[in-house]
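Work through the exercises below with the model open. Each task is followed by its solution in steps.

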Amino acid sequence: MEPERERTGRIPKKGRKRRRVPNKVVGTAEALRASWNLERQQPEAKKARLSTILFAENCEVTHGQLCELLKYAVLGKSNVPQPSWCQLFHQKHLNNVVVFILQGMSQLHFYRFYLEFGFLRKAFRHKFCLPPPSSDFLADIIGLQKKQIIRDLPKAMEGSLPSASSKVSINLQNDPIVQKYGSKKVGLTRCLLTKEEMKTYHFPLQGFPDCENFVLTKCNGSVTDNSPLFGLDCEMCLTSKGRELTRISLVAEGGCCVMDELVKPDNKIMNYLTSFSGITKKILNPVTTKLKDVQRQLKALLPPDAVLVGHSLDLDLRALKMIHPYVIDTSLLYVREQGKRFKLKFLAKAILGKDIQCPDRLGHDATEDARTTLELARYFFKYGPKKIAELNLEALASHQELQAAGLEPRSTAEVVQQLNTSVLECLDSMGQKLLFLTREADASELSSSKNCQTIKCLSNKEVLEQARVEIPLFPFSIVQFSFEPFSPSLTEEMNKRMRIKWAEMSTVYAGPFSKNCNLRALKRLFKSFGPVQSMSLILETHQPHLCIQYEVLEAAQLAIESLNGTLVEGTCIKVQRPVTELTLDCNTLVNELEGDSENRGTIYLSGVSETFKEHLLQQSSLFLGLEAVILPKDLKSGKQKKYCFLRFKTFGSAQRALDTLTGKDWKLKGRHALTPWHLHSWLRGLPPESRRPPGLRVLPPPLEQEALQMLKVDHPKIAAWRWGRKIGKLYHSLCSGTLCLILLPGTKSTHGSLCGLGLMGVKEEESTTPNMFL
């Protein structure tokens with residue numbers, strides 16, 4: 001990011017070749033190809049733009065990941081790797097970076113006062129959750145934390161990392177392996193996954209609904225530190241029913257392979273996944289061994305106290321359709337920062353100094369992989385967590401990412417400097433300064449940095465006035481507004497009412513029905529609109545009614561739109577939401593949610609079958625403009641649910657796809673989306689709240705009544721409306737090509753923490769985005 005001229009400090013507009021990413025789509029070709037001519041692809045000028053879909057599966061982005069994006073925005077690909085959670089294309093065409101921080105606000109405030117945040121929700125298509133703030137939110141996202149330097153690198157990595165002998169201190173207590181296991185050596189039993197961990201990481205467990213037909217091993221003995229270890233690795237192929245087993249390798253503790261079997265899947269093979277499994281049609285054709293044969297052999301081979309060791313072992317056990325209580329997963333044993341996992345190939349090289357899964361081989365060697373996991377487990381027992389922390393695997397992995405991005409640092413110190421540098425240091429290396437606008441009372445350690453031009457103001461109003469003048473003069477600006485937070489008691493009341501409101505919005509009453517109605521048919525009818533949390537028959541009325549609470553808002557709205565006023569079993573029924581003080585503005589809120597920039601171009605589909613998913617995986621060019629397919633999973637079972645969201649580049653593409661998929665060729669129901677995807681994740685994390693019965697409420701609750709009497713400029717409800725508009729006007733004054741982030745950091749207190757929310761976009765960014773599946 002070179003300064004173009006001294007006064008403005010803007011980033012010069014240099015281009016680079018555009019990478020084209022093929023669409024990955026699903027649908028019926030005949031119905032859609034006729035519409036393709038309506039949207040001709042025009043040559044596109046190179047402009048900075050962001051990816052539409054976040055890589056983070058739960059849509060939560062850490063403060064460190066925010067720092068990754070900001071550093072990449074400053075330095076670009078030639079100096080640091082692309083952020084791990086999103087993609088910023090044509091970084092050289094960025095003109096400015098502006099970060100607005102609304103201190104004292106959280107995700108709860110945004111959705112509690114959703115209608116008041118009119119500009120923010122409509123202008124920014126990219127939204128994501130933030131964790132509750134740490135002691136210094138600003139320092140975290142700028143990267144002002146203490147540096148961790150590589151020390152005592154393993155000999156195995158010396159060839160790929162020059163000057164590996166440099167030694168400086170590292171704070172071992174911050175290493176995630178030390179935080180989990182302590183610094184002293186641990187035995188086998190300490191490394192076993194607990195039942196809760198197995199549940200969290202979707203291991204098959206007895207009694208779970210998706211494991212009804214799974215086979216239990218005969219391991220019911222008492223496990224000790226001397227119990228036998230067995231390395232396990234499986235290879236799979238893709239069949240009409242999903243992934244199925246094609247090879248299993250079991251290695252005993254001495255390194256001897258006690259079982260290595262090819263397995264013929266029960267269902268039709270769609271893809272042999274040869275590049276991973278090494279299995280081909282020719283290899284598998286003569287095989288007669290079936291899954292039940294392998295299950296029988298494993299039950300006979302494993303002693304009562306056997307411990308299975310593997311890498312992402314949950315996938316292997318699910319492929320085997322077996323349940324085993326004693327497991328060590330090396331992807332979780334060598335835990336990485338922020339819950340990410342190291343690849344087995346990387347751990348083999350970094351820890352053991354051996355090369356596996358070499359590119360010149362056809363697929364992976366399951367026996368070699370199983371043996372490697374055993375060796376990694378024994379290394380962990382022998383040397384302990386402290387030794388592994390000293391290897392600083394995180395820095396080594398990041399170094400490999402730098403090399404993969406085409407970067408070759410000259411020394412270990414340079415590697416660490418690139419990985420741990422702050423945004424301020426990045427700007428300094430470009431000969432630029434950061435602008436920091438804040439109220440005087442809220443100045444942080446950032447204010448004292450020599451490479452930061454800090455302007456302290458007396459009020460939020462003055463911060464805004466200064467921002468209009470100063471932002472155009474700096475390539476990177478942070479504008480911090482501060483608002484008085486709600487009291488803990490009022491915050492809890494808001495949280496409770498938010499849960500109730502969403503439950504009531506997702507609930508419908510339907511009826512009247514005849515007294516001899518077919519209840520089973522009615523249940524099928526209402527379940528066809530989406531997943532149902534509860535359904536009850538109401539008999540207090542003259543004729544029966546149904547109360548249905550849906551899992552997603554889209555399902556409830558679809559049921560209302562499809563069935564209200566229609567004839568069901570010869571009776572004209574009404575389908576409506578409960579009427580309470582929390583749902584009085586429901587119609588307005590639904591309309592605004594549908595117009596949310598993140599929902600524009602996204603459709604919701606219910607009744608998604610396995611056949612539909614097969615088309616989804618196999619056909620890649622049938623819907624014009626499809627950007628992403630989101631297939632939600634059940635948190636307990638890990639199974640994909642029978643609904644999905646399809647996200648398109650334009651509203652027109654989404655509408656044509658919706659018309660096609662809800663036509664006669666597909667037995668699907670759908671509508672335009674109402675709930676931003678990150679909101680699904682946040683709502684699932686809220687504690688359950690039973691829906692209260694509707695009743696007459698003339699006065700607001702005492703706590704909210706008290707808040708309404710104290711309304712002032714800094715009250716969050718008023719601030720949401722007033723400052724959303726003010727920031728909107730400031731945003732419109734920014735130059736094209738400005739990366740803009742709006743951060744509501746969340747709140748943290750002894751009474752409970754609230755998650756934050758982030759919104760981001762590049763002003764006048766291209767509408768095209770990379771295609772990807774979640």
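A polar contact is a pair of N or O atoms within 3.5 Å; within protein, one must be able to donate a hydrogen and the other to accept it, and residues adjacent in sequence count only if both atoms are side-chain atoms. The model is predicted.

**Exercise 1.** Place D596 and state whether D596 is buried or exposed.

Solution.
- Start with the location: D596 sits in the loop between α23 (586–594) and β22 (602–606).
- Next, the cover. Buried means under 20% relative accessible area. D596 has 0%, so D596 is buried.
- Then the polar partner: the side chains of D596 and K127 make a polar contact at 2.7 Å.
- Finish with the surroundings. Setting aside residues up to four places away in sequence, D596 touches Y114, R121, K127 and P676.

**Exercise 2.** Find the buried residues of helix α14 and inspect what follows the helix.

Solution.
- Helix α14 covers residues 344–352.
- Its buried residues include L344, F346 and L347. A348, A350 and I351 are buried as well.
- Just after α14 comes G353, with a positive phi of about 70°.

**Exercise 3.** Which residues form a nonpolar surface patch with L519?

Solution.
- Locate L519: helix α21 (residues 519–527) contains it.
- Check its exposure. L519 counts as partly exposed because its relative accessibility is 30%.
- Add the partners: L537 and L539 join L519 in the patch. Together they have about 250 Å² of accessible area.

**Exercise 4.** Describe the setting of E440.

Solution.
- E440 lies in the loop between β13 (434–439) and β14 (452–457).
- Beyond neighbours within four places in sequence, E440 contacts K456, C457 and L458.
- E440 and V463 are 23 residues apart in sequence, with 9.9 Å between their C-alpha atoms.

Notes:
Residues numbered from 1 in each chain as written. Predicted model: local features only at pLDDT ≥ 70, side-chain atom pairs only at ≥ 80, totals over all residues. Heavy atoms only, no water. Helix = DSSP H or I, 4+ residues; strand = E, 2+ residues; numbered from the N terminus. Buried < 20%, exposed > 50% of the residue type's maximum accessible area, 1.4 Å probe, protein only. Contact = heavy atoms within 4.5 Å. Patch = residues over 30% accessible without salt bridge, like charges linked within 9 Å, V, L, I, M, F, W, Y side chains within 5 Å. Areas by Shrake-Rupley, 256 points an atom, 1.4 Å probe, with all protein chains shown as cover. Salt bridge = Lys/Arg side-chain N within 4 Å of Asp/Glu carboxyl O.
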